[in-house]
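Hi there,

Here is the structure I promised to pass on. Could you open it alongside this email and follow along?

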Amino acid sequence: MVCMECGAKAEKGYTSCVTDLGNCLLIVRNVSCYKCTECNEIIYTVEDINRFEQITEQAKQFTQEISITRICSTKTVEFCFSKST
């Protein structure tokens, strides 16, 4: 594959994608892509974009807010999980 920015060769690789869902950040690691060997531009195939969008939609349905409700003297923390709306 050829980089659309500089025209150099882009090689198959993996990257991480970060998306702001409003109430949290979604980080997806090991997303397949092509990386330019010269300018480090990241290029995704249509299939990769569709899969990432699918993961993002699923994450929106299952996002949870986490709040610390109590810190105990034994250095343990209790968490409260509630499904966001």
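One term before we start: a strand here is a DSSP run of E with at least two residues, and strands are numbered from the N terminus. By that definition, Asn-30 lies in strand 2. Please also keep in mind that this is a predicted model.

**The overall picture**

The protein chain has one helix and five strands. Read from the N terminus, these elements follow the order β-β-β-α-β-β. Of the 85 residues in the chain, 25% are buried. About 6600 Å² of the protein chain is exposed, and 52% of that area comes from carbon and sulfur atoms. If we take the contacts with a sequence separation of 6 or more, 37% of them join residues 24 or more positions apart.

**The sheet and its hairpins**

Three strands make an open sheet in the order 1-2-3, and their pairing is antiparallel. Strand 1 and strand 3 (42-43) are the edges, since each pairs on one side only. Helix 1, residues 46-62, packs on this sheet and touches both strand 1 and strand 2. The direction of helix 1 makes about 175° with that of strand 2.

How many bridges join strand 1 and strand 2? There are ten, in the antiparallel sense. A good place to look is Thr-19, whose bridge partner in strand 2 is Leu-26. These two strands form a hairpin with four residues between them, and Gly-22 in the turn has a positive phi of about 95°.

Strand 2 (residues 25-36) also pairs with strand 3, in the antiparallel sense, over two bridges. Tyr-34 has Ile-43 of strand 3 as its bridge partner, and Lys-35 is partnered by Ile-42. This pair of strands forms a hairpin too, with five residues between them.

**Two asparagines with positive phi**

You may want to click on Asn-30 and Asn-40. Phi of Asn-30 is near 60°, a positive value in a residue that is not glycine. Asn-40 is not a glycine either, and its phi is positive at about 65°. Asn-30 belongs to strand 2, whereas Asn-40 sits in the loop between strand 2 and strand 3.

Are these residues buried or exposed? Asn-30 has a relative accessible area of 62%, which is over 50%, so it counts as exposed. Asn-40 passes the cut-off as well: its relative accessibility is 59%, so it is exposed.

**Salt bridges**

Side chains of opposite charge can pair when their charged atoms come close. The count here comes to two salt bridges.

One of them joins Glu-11 and Lys-9, with the closest N and O atoms 3.9 Å apart. A salt bridge needs a side-chain nitrogen of Lys or Arg within 4 Å of a carboxyl oxygen of Asp or Glu, so this pair qualifies. Glu-11 is partly exposed at 42% relative accessible area, while Lys-9 is exposed at 53%.

Which residue pairs with Lys-60? Glu-57 does, and the closest N and O atoms in that salt bridge are 3.3 Å apart. Both residues lie in helix 1, three residues apart, which is about one turn of the helix. Lys-60 has 45% relative accessibility and counts as partly exposed; Glu-57 is partly exposed too, at 43%.

**More on Lys-9**

Lys-9 is placed in the segment before strand 1 (10-20). In sequence, Lys-9 and Thr-37 are 28 residues apart, yet their C-alpha atoms are 6.0 Å apart in space. Apart from its neighbours within four places in sequence, Lys-9 contacts Met-1, Lys-35, Cys-36 and Thr-37.

**A nonpolar patch**

What makes up the nonpolar surface patch of about 300 Å²? Val-18, Leu-25 and Ile-27 do. Ile-27 is found in strand 2. Its relative accessible area is 46%, between the 20% and 50% cut-offs, so Ile-27 is partly exposed.

**If you have only a few minutes**

Start with the three-stranded antiparallel sheet, then turn to helix 1 packing on it. After that, have a look at the salt bridge between Glu-11 and Lys-9 and the one between Lys-60 and Glu-57.

Happy to go through any of this with you.

Best wishes

How values were computed
Residues numbered from 1 in each chain as written. Predicted model: local features only at pLDDT ≥ 70, side-chain atom pairs only at ≥ 80, totals over all residues. Heavy atoms only, no water. Contact = heavy atoms within 4.5 Å. Buried < 20%, exposed > 50% of the residue type's maximum accessible area, 1.4 Å probe, protein only. Areas by Shrake-Rupley, 256 points an atom, 1.4 Å probe, with all protein chains shown as cover. Pairing = 2+ DSSP bridges. Axes fitted to C-alpha atoms, helices over the stretch in contact; angles between N-to-C directions. Patch = residues over 30% accessible without salt bridge, like charges linked within 9 Å, V, L, I, M, F, W, Y side chains within 5 Å.
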